[in-house]
Amino acid sequence: VFLVGLIEEEEEEEEAQVLADAIPWRSSAGAATSGVESLVRDGDLVVVYERHDRMKALRVTKGGILQNRYGVFDQGAWIDKLHFGSVAYAKQFPKKDGAKKEASKRGGQRKRMNGSRQDGFVYVLRPTSELWSLVLPHRTQILYVADISTVVMHLRLRPGMRVVESGTGSGSLTHALYRAVAPSGSVFTFEYHGVRADKAREEFVDHGIDLKSAAADSGKGGVWVEQRDIEQLGFPTDGELYPEGSVDAVFLDLPGPWKAIPSATKCLKVGGTLCSFSPCIEQVQKTLEAMNEENVFYRMRTMEILLRPYELRTEKFNLMTEPGELVAPRTFSAGKDPSRFVRQPSESRLMAIPSEDMRGHTGYLTFAQKVKFDK
């Protein structure tokens, strides 16, 4: 029993290590002098977390300076010293115009919560697919966590699978797709715009993702990026990139996704899943009509994902008074005796309230599975 438990524990550790290293988020050029993977290296990409609605991606360099509302930060002090997920303190607080001399003597710094030091601070986080979708440079409209998680789940992705995507856009979904199928799986992503395709390719290399350079490299996982008009040319079905009928999942994010259904059908294996993302319901209708014409899809369904966050607030509530007691008004008029009144009893409660900043409609997700009907 002990041996079985030990083997299972080692398998879980190996699986966790594979998932953790699926996207290194650092180029191969960045070498750690300390050998500790959790330490920030020179040239690493990090996410600077200021607060829940204010984050930014940053490339750490020796001699680099980060300045924001919380202070001036020396990036060189992080290298090989600061662990991902740690708090980084400012070396000084930025001076404001017209600040008093006394504030300048203190360096403009504000007190920390425990009062032991007077520093501004930020959190230095290791990037993830979820964080990257919040801080990436937008070249197109992107999918966010609510839609991305639904896509990955309904496509039933796992390591070793082969996924085809169009279009690449800003690469938000591509990162999540590759993380789900890595390290042995492959993502073939196609983008209509040549500049966007080149920029996405540069980002993947910069984040440590292996690029598939040749079709003969079929046994190796990675990402293939190609500039191609999928609506006009369709997905490649000549067998050079992947054998026809060998793709596990297809994702479409196109103005006219129904135009790509015939070639997507040829790429998909029996049992594979197709997903189409469309902002308008008319696009969904045409896509479903194209799927019906292929006569190989079943379980066709369309859904809209709305994420409703909640906020925690402390609210004050007035309580009921005892029978016969008079609640004191805000002001007393002439002739009233304040001693006859009692103060309104109240208590504070922690309440969960729907956020007013809820993101509305993003698009419709249409899923279908390819089957083989017996004649």
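**Rings, charges and a mixed sheet**

The charged end of Arg359 sits over the ring of Tyr144, at 4.0 Å from its centre. A charge counts as sitting over a ring if NZ of Lys or CZ of Arg is within 6 Å of the ring centre and within 35 degrees of the ring normal. Likewise, Arg349 lies over the face of Phe317, 5.4 Å from the ring centre. The model is predicted, with local features needing pLDDT of at least 70 and side-chain atom pairs counting only at pLDDT 80 or more, while totals for chains, interfaces and linings use all residues. Residues are numbered from 1 along each chain as its sequence is written, and side-chain values use heavy atoms, leaving out hydrogens and water.

Rings also meet one another: the structure holds 6 aromatic pairs (rings of Phe, Tyr and Trp, the last by its six-membered ring, with centres within 6.5 Å; planes under 30 degrees apart are stacked, over 60 edge-to-face, the rest tilted). The ring centres of Phe121 and Tyr123 lie 5.9 Å apart with planes at 85 degrees, so this pair is edge-to-face. Tyr49 and Tyr89 join Phe121 and Tyr123 in one aromatic cluster.

Turning to the backbone, 7 strands form an open sheet with mixed pairing, in the order S9-S8-S7-S10-S11-S15-S12. Strands (E, at least two residues) are DSSP runs, numbered from the N terminus, and two of them pair if DSSP finds at least two bridges between them. At the edges are strand S9 (222-227) and strand S12 (297-303), each pairing on one side only. Strands S7 (residues 162-166) and S8 (residues 186-191) run parallel, joined by 5 bridges; here Glu165 stands opposite Thr189 in S8.

Methods:
Helix = DSSP H or I, 4+ residues; strand = E, 2+ residues; numbered from the N terminus.
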